[in-house]
Amino acid sequence: MTANFAKMQTAFDHDQFQQAQALKNARLGLLLWRFANGMAFVFFVFANLLMRNVQPSWPPPGVERLEVTLPILITIVILLSGFTASRTLKAVRASQLSATLRFGLATLALGVVFFVGLLAASAQVPPSGAYSSIVLAMNTFHGLHVVVAALILGVVLLRVRRGHYSAEKHWGVEAAVVFWHFVDAMWLFFFAFIYVL
Amino acid sequence: MATTVKPTAAAVPKPRGIGKYLVWSIDHKVIGIQYIVVSFFFFLVGGLLAELIRIELLTPAASLMVDGGAYNTLFTMHGTIMIFLFVVPMLAGFGNYLVPLMLGQKDMAFPWLNALAFWMLPPAGLVMLAGWLVGPAQAGWTSYFPLSGPQFSPFDGQTLWAISLHLIGASSILGAVNFIVTILNMRPAGMSMWQMPLFVWSIFATSIIILVATPFLAGGLTLMLFDRLAGTSFFSPATGGDPLLWQNVFWFYSHPAVYIMVLPAMGILSDVLSVHARKPVFGYRFIALSSLAIGFLGCIVWGHHMFTSLASWARIPFMLTTMLIAVPTGVKMFSWIGTLWGGKIRFTSAMLFSLGFLSMFVLGGITGVFLASIPVDIHLHDTYFVVAHFHFVLFGGSVLAIFGGIYHWFPKMTGRMLNEGLGKIHFALTYVGFFLTFFPMHFLGLEGMPRRIYTYDPKYEALNVLSTIGALIMAVAVVPFLVNVAVSLVAGKPAGNNPWRALSLEWMTSSPPPELNFDEPPIPASDPYGYGTPEGAAYLASGGKVALPTSGHGHGHGDQPIERPATGD
């Protein structure tokens with residue numbers, strides 16, 4: 001019986017080890033993914049800078065600078081969503097599943113508001129050749145990431161409602177929140193190069 | 001009593017034999033072989049296109065082609081297929097098969113993702129080939145604007161070309177994430193980063209380059225698709241775009257891509273040379289770190305492809321960084337020669353192909369330094385000298401190493417040896433054919449023959465005839481290889497676990513390895529290249545069960561004193 005118990009214990013440790021290893025792998029994997037994905041955002045900024053380089057001014061002569069009120073508003077919205085996203089993760093770590101769901105849904109709602117605002121801001125861009133091309137391409141690229149991040153968060157929230165996560169085991173929530181923060185940060189990066197610089 | 005039988009995993013018969021390679025599998029060994037076989041198919045397709053190119057160029061007048069457009073398609077598809085559907089996935093296949101085995105693991109960190117990455121490849125290949133149905137791409141593998149724009153490439157083949165490359169890029173990013181996590185997180189106890197086989201190091205460096213550079217290709221292709229399909233104006237100067245934008249982003253990816261294609265080949269070389277020369281790798285750490293150095297430098301030299309179009313202030317910095325790459329590459333060359341020096345060299349087919357790499361890559365590397373020099377490059381830009389240079393690097397480098405790798409690891413993958421006689425015929429024909437094809441191109445380029453043309457001045461004819469003869473010899477060379485593989489798969493000599501008496505972990509299990517690779521967790525040798533050392537001999541004698549610590553000071557590999565016997569097992 002002792003031997004049997006020892007065997008069970010080993011098997012249990014092995015299982016724990018496997019899970020810890022899987023979590024470690026997943027975290028590093030997501031970090032590397034964010035790096036590669038971030039390089040794609042860097043690409044668009046690089047393209048933006050090169051396109052300015054062949055113009056006498058930016059925006060090019062005869063093209064209006066973009067209206068910045070709506071973009072600032074949606075930037076505030078996405079910053080707020082970053083805050084609620086952090087609270088979502090905090091809540092699941094404290095085993096408060098209903099709070100997790102609440103903050104998660106708030107994040108999702110803010111994401112939808114941001115996305116609609118982004119669409120509206122894109123609709124305001126008059127066609128002007130190079131300038132509108134790069135601005136709309138950057139908005140589209142970021143918008144697609146918002147959609148993906150929202151889909152991931154949505155699926156995770158469904159699983160929260162079904163009680164899939166706990167204080168000890170919540171990789172899904174963590175991944176969704178981490179990716180959400182990444183998409184937030186990338187908006188600030190884009191905002192600077194589209195509207196400020 | 002009626003019993004209902006629940007369908008269990010065991011009740012569903014697993015596909016056996018060839019069947020398991022045709023379905024979704026998360027076994028890294030199956031995926032590795034899937035990569036290798038699919039990319040070898042594209043090697044044959046790309047090779048056929050190359051032969052057509054050479055037959056057209058046999059005479060100065062148009063012979064095979066109805067017009068220049070058909071010829072443009074030939075070299076565009078040849079280049080694209082060879083690079084993106086052969087060399088890159090072939091090396092990914094080696095990585096998939098070997099990295100988990102070399103690390104003593106059951107599988108990669110993310111087996112499902114691994115399968116996903118592979119299964120993007122056949123659709124990408126089909127999309128590329130489908131170009132022929134709708135008017136294939138003609139803008140060259142570099143697809144410069146305006147050649148690839150709607151004006152000069154109105155056919156959908158150019159769009160399919162971009163979609164196909166998008167898929168391949170996504171596949172290689174997923175693969176790279178998987179490799180880095182596997183290598184950083186899943187080394188066995190007793191194997192530090194400095195005790196990994198150098199092939200694993202090379203895959204690590206390659207994966208970092210992929211993560212940095214491939215997103216730029218994806219971005220550039222996205223803009224190309226926007227311009228072609230959505231009427232944006234990124235590249236057309238008429239609407240305020242910048243054709244140099246494409247050149248910049250394309251080369252920001254495609255120059256590092258050269259190292260994506262050659263670093264794993266160099267990894268194969270380090271392993272094969274050491275095993276078949278029965279010598280520890282000379283300068284282990286220098287070889288490992290030079291891969292990272294090449295990767296880093298490779299990302300900041302893209303402008304050297306654009307000396308004729310670049311702002312003049314940017315030329316000198318790009319020239320200097322480019323020339324710097326010769327340093328880590330030279331370190332590798334020196335270390336490999338040091339590895340061979342005084343070794344007990346076995347001239348196996350794997351070794352012959354590796355020596356072929358050593359000799360040809362030196363030539364390709366040196367012409368690379370020529371081309372890095374601005375005045376020389378401006379003279380030789382877009383001539384056959386450039387064609388000669390990159391074929392010496394890519395064929396004389398990567399492809400010869402790939403064949404060396406196949407002769408080295410085929411026994412592990414299939415459990416059967418390849419025939420050495422046929423292997424040597426394959427090598428001799430390939431080596432001679434290769435040299436005859438590409439060496440004359442240096443002179444053609446120096447005399448001013450431009451590339452990408454299908455008719456040429458008759459004064460270039462003699463060297464072109466030589467080149468075409470060489471190309472036909474290379475085509476013949478594939479025959480003994482295919483026969484060898486086919487015969488060996490059925491009737492090859494059984495390989496046993498470790499036919500080359502190698503020390504790395506992939507040899508410490510049966511050939512081919514069981515489903516989960518190792519029956520019990522393997523013990524890595526303290527030095528994966530400790531050939532000719534007492535520890536290495538003891539490790540081999542115990543069949544990988546006993547790993548003595550190295551007698552030298554701690555973790556000194558390669559930089560140890562050379563008192564150890566230089567020869568012998």
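Two residues are in contact here if their C-beta atoms, placed from the backbone, lie within 7 Å. Keep that cut-off in mind for the tour, and remember that this is a predicted model.

**Stop 1: chain A**

Select chain A and colour it by secondary structure. You'll find five helices and zero strands, so the pattern along the sequence is simply α-α-α-α-α. Now turn the chain around: its C-alpha trace spans about 85 × 30 × 20 Å along the principal axes. The radius of gyration tells a matching story. It is 22 Å for chain A, well over the 16 Å that the globule rule gives for 197 residues, so this chain is more spread out than a compact globule. Buried residues account for 29% of the 197 residues. Take contacts between residues at least 6 apart in sequence, and 78% of those in chain A join residues at least 24 apart.

**Stop 2: chain B as a whole**

Switch to chain B. Its secondary structure adds up to 16 helices, again with zero strands. The radius of gyration is 24 Å, close to the 25 Å that the globule rule gives for 569 residues, so chain B is as compact as a globular protein of that length. Its C-alpha trace covers about 75 × 70 × 45 Å along the principal axes. Of the 569 residues in chain B, 56% are buried. Among contacts between residues at least 6 apart in sequence, 82% in this chain join residues at least 24 apart.

**Stop 3: where the chains meet**

Show both chains and pick out the residues that touch across the boundary. On one side are 26 residues of chain B, in contact with 22 residues of chain A. Which helices of chain B should you highlight here? Try α5 (156-185), α6 (198-230) and α7 (243-277), each of which supplies at least two residues of the side that touches chain A. The most comes from α6(B), with eight residues. Colour that side of chain B by residue type and you get 17 nonpolar residues, eight polar and one charged.

**Stop 4: helix α3 of chain B**

Next, select residues 111-119 of chain B, which make up helix α3, and show B:Asn114, B:Ala117 and B:Phe118, which are buried. Look straight down the axis of α3(B): its buried residues fall within an arc of 100 degrees, so they line one face of the helix. Then bring back the surroundings. The cover over these buried residues includes α1 (28-56), α2 (68-102), α4 (121-134) and α5 of chain B.

**Stop 5: a lysine in α10**

Go to B:Lys332, in helix α10 (residues 326-340) of chain B. Is B:Lys332 buried or exposed? It has 24 other C-beta atoms within 10 Å, and 20 or more is the cut-off, so it counts as buried. Leaving aside residues up to four places away in sequence, B:Lys332 touches B:Met266, B:Ile287 and B:Ser290. Add B:Ala288 to the view too: it is 44 residues from B:Lys332 along the chain, and their C-alpha atoms are separated by 9.0 Å.

**Stop 6: helix α14 and what follows**

Finish with residues 420-446 of chain B, helix α14. Put a distance between its end C-alpha atoms and you get 39 Å; at 1.5 Å a residue, its 27 residues should span 39 Å, which agrees. Just after α14(B), stop at B:Gly448, which takes a positive phi of about 100 degrees.

Definitions and conventions: Residues are numbered from 1 along each chain as its sequence is written. Chains are lettered from A and ligands numbered from 1 in the order in which they are written. This is a predicted model: local features need pLDDT of at least 70, side-chain atom pairs count only at pLDDT 80 or more; totals for chains, interfaces and linings use all residues. Helices (H or I, at least four residues) and strands (E, at least two) are DSSP runs, numbered from the N terminus. The expected span of a helix is 1.5 Å times one less than its number of residues. Ala, Val, Leu, Ile, Met, Phe, Trp, Tyr, Cys and Pro count as nonpolar, Asp, Glu, Lys and Arg as charged, and the others, Gly among them, as polar. A residue is buried if 20 or more other C-beta atoms lie within 10 Å of its own, exposed if 12 or fewer, and partly exposed in between; C-beta atoms are placed from the backbone. The arc is that of the directions from the helix axis to the C-beta atoms. The radius of gyration is taken over C-alpha atoms; the globule rule is 2.2 Å times the number of residues to the power 0.38.
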